[in-house]
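Reader: I would like a close look at one part of this protein, with the reasoning spelled out and the surroundings added afterwards. Please take the sequence and structure below as the starting point.

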Amino acid sequence: KWYRSADGTNYTEDTTQGDDNTYSVNSTGTRVYVKAEAYSTLAECSFSVCKGEGTKMVTLSKAPKLTMDDAATCEGSSVTLEATDSESATIASYSWESSTDDGATWTAMSEATKSISVSPSVTTMYRTTWTTAGGCFDVATATVTVSPKPSVADKTYTICSGTAFTFAPEAGDNVPDGTVYTWSVTQTTGVTGASACTNVDALSQTLSNSTAADGTATYTVTPSLPGGCDGDPFTVTVTVKPVPYLTDKTYTICSGTAFTLEPKTGDIVPTGTKYSWTVENNANVTGWSPQVAPMATMSQILTNTSEVQQVVNYNVTPTYSITTPALTCTGDPFAVAVTVNAVPTVDYAVPTGDVCPGSTVTLIATAAHGVEPYSYAWTGATAHTGDRSQADVTASTTCDGTVNVSLKVTDAAGCESL
């Protein structure tokens, strides 16, 4: 069928024409427009016949009939667009346009191919125009929906052993609502508590370090959104600082001497550990005092003012601190019990009166208040072989004078008399 129009817009069927592909015109007026319907499809093509041109031969071709599916992609990823022609028309040229304002304005694209690959950063509409050699064309439109892609910079955390770290996005990270995380993890010797997880909405774990040195847990984390938009993996490095741990301690000292706290096998004492303490009151001992500000060492000189053993009980808290980042790791309190032995005392049984020249006098010492048995060290006298608490002094045979004798008594705890 042929249709005729005087203005190129409003067409009416021209029943004077045959049903072949030839349109005859002998116009004496202005330009006329005609178009044809062939293959049961109204072709979107037309031509004009000018005055005096007479018969114009038209070769009809199929007009394309296009459809194009919408698509979805992740930010930073590409997607291929291609329309489908249900009429399988022979196409002479392709063109593409894009719009980011929901089709209000369109921008021509340089692509002139049947399909194109696009990587929009925001949701974008695309339309393609397929045109035949005869000027028949159709247009198809598709929308590419762009889902955001999570992006997170590497993170570092420092914690005390036995505490938790929690990953938190920072300025510059792109973490859309609904982001989940999948990670693997490695940890150094002595670090426990780290485990891999899949598709969870938070990364937080409690880590412990059983050594006296720093430990590390390294997480490789992939952020993703439902629908398959995965961000690039990032690393979370957690330094696990050791927490001081010391078992209870007992010391035994002599009155007037110092005890010094010394870690033992099995204790965890990081370099730089300090101690603070409280102490139970003992009125029979002097020299003890509490310590509020942590000290690098714990040592006090204790004096037993009584005649029996005394015990001074301390409750000690170990701490380990760093400045960058500011962090203090506090260990569990432990007990220090110091037994303070009394100083041994000595009484002498010395004969009264003058001693004849050349004669021998026996001195008898009696020790008390120390830890038995006692040892005796005489100067100026000869100790007895069996009972060394007794010693003999022999007077000079030639002249009058005084014999000086001294004795030091040491008890079983190693404490010496004054």
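In what order do the 3 strands of the open sheet that contains β31 stand, and in which sense do they pair?

Author: The model is a predicted one, and what follows should be read with that in mind. In the open sheet you ask about, the 3 strands follow the order β27-β31-β29, and their pairing is antiparallel. The edges are taken by β27, residues 257-260, and β29, residues 285-286; each of these has a single partner strand, so one side of each remains without a neighbour in the sheet. The contact between β29 and β31, the latter spanning residues 299-304, is an antiparallel pairing over 2 bridges, and within it T286 has T303 of β31 as its bridge partner.

This sheet belongs to a protein chain whose secondary structure comprises 0 helices and 40 strands. The chain has 418 residues, of which 36% count as buried, and it exposes about 22700 Å², with carbon and sulfur atoms supplying 49% of that area. If one takes the contacts between residues at least 6 apart in sequence, 57% of them join residues at least 24 apart.

A second antiparallel pairing, elsewhere in the chain, shows how the faces of a strand can be told apart. Strand β10, residues 79-82, pairs with β14 in the antiparallel sense over 4 bridges, and L81 stands opposite I116 of β14. In β14 itself, which covers residues 115-118, I116 and V118 make up the covered face, whereas S115 and S117 make up the uncovered one. As a general matter, side chains in a regular strand alternate between the two faces of the sheet.

Side-chain charges add another kind of link, for a search of the whole structure finds 7 salt bridges. One of them joins R127 and E97, whose closest N and O atoms are 2.6 Å apart. Because R127 lies in strand β15 (residues 124-131) and E97 in strand β12 (residues 93-99), this pair ties together parts that are 30 residues apart in sequence. R127 counts as partly exposed at 24% relative accessibility, and E97, with a relative accessible area of 22%, is partly exposed too.

Another salt bridge is formed by D232 and K149, with 3.8 Å between the closest N and O atoms. Here D232 is placed in the loop between β24 (229-230) and β25 (234-241), while K149 is in the loop between β16 (137-147) and β17 (155-160), so the pair ties together parts 83 residues apart in sequence. D232 is exposed at 52% relative accessibility, because the cut-off for that class is over 50%, whereas K149 counts as partly exposed at 22%. The side chains of E416 and K408 also meet in a salt bridge, at 3.5 Å from N to O; E416 is partly exposed at 43% relative accessibility, and K408 is partly exposed at 40%.

Finally, a loop residue deserves a word. A326 sits in the loop between β32 (310-322) and β33 (327-330), and with a relative accessible area of 71% A326 is exposed. The C-alpha atom of A326 is separated by 9.5 Å from that of T158, although the two residues are 168 residues apart along the chain.

How values were computed:
Residues numbered from 1 in each chain as written. Predicted model: local features only at pLDDT ≥ 70, side-chain atom pairs only at ≥ 80, totals over all residues. Heavy atoms only, no water. Buried < 20%, exposed > 50% of the residue type's maximum accessible area, 1.4 Å probe, protein only. Contact = heavy atoms within 4.5 Å. Areas by Shrake-Rupley, 256 points an atom, 1.4 Å probe, with all protein chains shown as cover. Pairing = 2+ DSSP bridges. Salt bridge = Lys/Arg side-chain N within 4 Å of Asp/Glu carboxyl O.
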